[in-house]
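Visitor: Please pick one part of this model and take me through its packing closely. Keep it brisk, and spell out the cut-offs as you go.

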Amino acid sequence: MIQQGYVRRMRRWGIAGIGLLVFMSSALIVWRRGESLTPWIVWGVASAAIGLSLWRYLAQPRADHTTGRRLVLFVIGTSLFGISLWTQRNVQIEGLFFGLLTGVVEGAVIHYLLAKLIGPLLFGRIWCGWACWVGAILDLLPYRRPNGRCMPWTQLRLVHFGLSLLLVAGLWLGAGYGLGVIGPVAVLWFLIGNAIYLASAIILAIVLGDNRAFCKYLCPITVPLKLTSRFALLKVKGDSSRCDQDRACERVCPMGIRITDYILANQRVLSTECILCQECINVCDHDVLRLSVGFDRGGLELLTDRLTTEEQPAACSGCIDNP
């Protein structure tokens with residue numbers, strides 16, 4: 001047992017060390033290409049913070065992984081937010097649209113290509129659970145066991161995505177305005193957008209008693225994320241023969257996924273709502289769940305609706321009830 005514990009600790013050190021080397025190497029490449037110390041300093045500090053926080057998470061026992069993940073999320077989120085400000089890039093969804101329309105293929109365009117389209121093919125919506133700066137604040141709120149979700153409200157994120165696209169397209173096509181990509185004006189777009197996101201996210205969390213209500217209903221970034229995350233190689237998998245169906249995993253899932261139903265069907269958790277927070281893995285007393293690497297084309301979205309009208313907040317009276 002002692003030897004196995006030593007091996008696990010060394011493995012965790014190794015993974016964290018590799019992650020730190022990857023981040024620092026990317027910083028060095030950016031510095032060499034730009035011939036400036038600024039990217040090296042910014043990326044170097046961020047990489048060190050990310051590497052150390054990941055090491056702390058991996059070195060902890062499973063019972064402490066929830067706290068460890070929130071620390072990692074906060075460190076990565078605030079680091080990326082700071083880098084966006086330092087480099088004066090607007091990496092909000094509007095920055096992406098400005099970049100595509102004006103032909104400025106950097107900043108938001110590269111960010112979305114890597115983190116929101118290509119990345120999810122490998123890691124699913126890991127951005128939402130481990131890197132989003134809005135999510136880092138939301139995970140600090142006290143509403144950690146949501147009673148399902150208001151299914152009709154999930155279409156609001158499509159509306160948000162469409163309105164953001166129409167706003168940018170209208171400014172560009174109607175007035176030739178394209179200052180929302182790089183520079184001081186882009187920073188203003190970035191700050192105002194994030195302020196609106198955070199304010200609406202906190203209001204939704206309070207009204208619905210759900211930390212991740214914004215992620216489920218209103219965040220436009222989930223639209224591209226969900227497109228490719230259904231094919232993700234990394235997903236949660238379970239052993240149906242060991243599952244006692246107590247559904248503890250579902251009670252702690254911030255995204256309201258019916259995890260047990262996937263497990264009993266001998267499927268991986270195929271929902272594109274999964275943010276790989278691993279709360280379900282951490283809470284399972286029977287070690288039923290684990291991360292797995294494989295390929296599938298996704299499947300049904302098995303999500304928990306709000307249970308009864310009496311248990312719903314008044315603002316959520318239009319939700320679909322569970323049969």
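**A helix with two partners**

Guide: The exposed area of the chain is about 16100 Å², and 68% of it comes from carbon and sulfur atoms. Areas are Shrake-Rupley values with a 1.4 Å probe; for residues, only the protein chains shown count as cover. This is a predicted model, in which local features need pLDDT of at least 70, side-chain atom pairs count only at pLDDT 80 or more, and totals for chains, interfaces and linings use all residues. Residues are numbered from 1 along each chain as its sequence is written, and side-chain values use heavy atoms, without hydrogens and water.

The chain has 14 helices and 2 strands. These are DSSP runs, numbered from the N terminus: helices are H or I with at least four residues, strands are E with at least two. Of the 323 residues, 46% are buried, meaning under 20% relative accessible area (exposed is over 50%, partly exposed in between; 1.4 Å probe, protein chains only).

The part to look at is helix 5, residues 108-123. Start with helix 4, residues 93-102. The two pack at about 110°, axes 8 Å apart. Axes are lines fitted to C-alpha atoms, for helices over the stretch in contact; angles run from 0 to 180 degrees between N-to-C directions. Helix 4 is therefore roughly perpendicular to helix 5. That term covers 65 to 115 degrees; under 35 is roughly parallel, over 145 roughly antiparallel, the rest oblique. Helix 4 supplies Ile93, Gly95, Leu96, Gly99 and Leu100 to the contact, and helix 5 supplies Ala108, Val109 and Tyr112. Contact means heavy atoms within 4.5 Å. By class, 6 of these residues are nonpolar, 2 polar and none charged. Nonpolar covers Ala, Val, Leu, Ile, Met, Phe, Trp, Tyr, Cys and Pro; charged covers Asp, Glu, Lys and Arg; the others, Gly among them, are polar. The crossing is left-handed: the near helix is turned anticlockwise from the far one by less than a right angle, and clockwise would make it right-handed.

Now turn to helix 11, residues 222-229. Helix 5 packs against helix 11 at about 25°, with axes 7 Å apart. The pair is therefore roughly parallel. This crossing is right-handed. Ala115, Lys116, Leu117, Pro120 and Leu121 of helix 5 meet Pro224, Leu225, Thr228 and Ser229 of helix 11. The classes here are 6 nonpolar, 2 polar and 1 charged.
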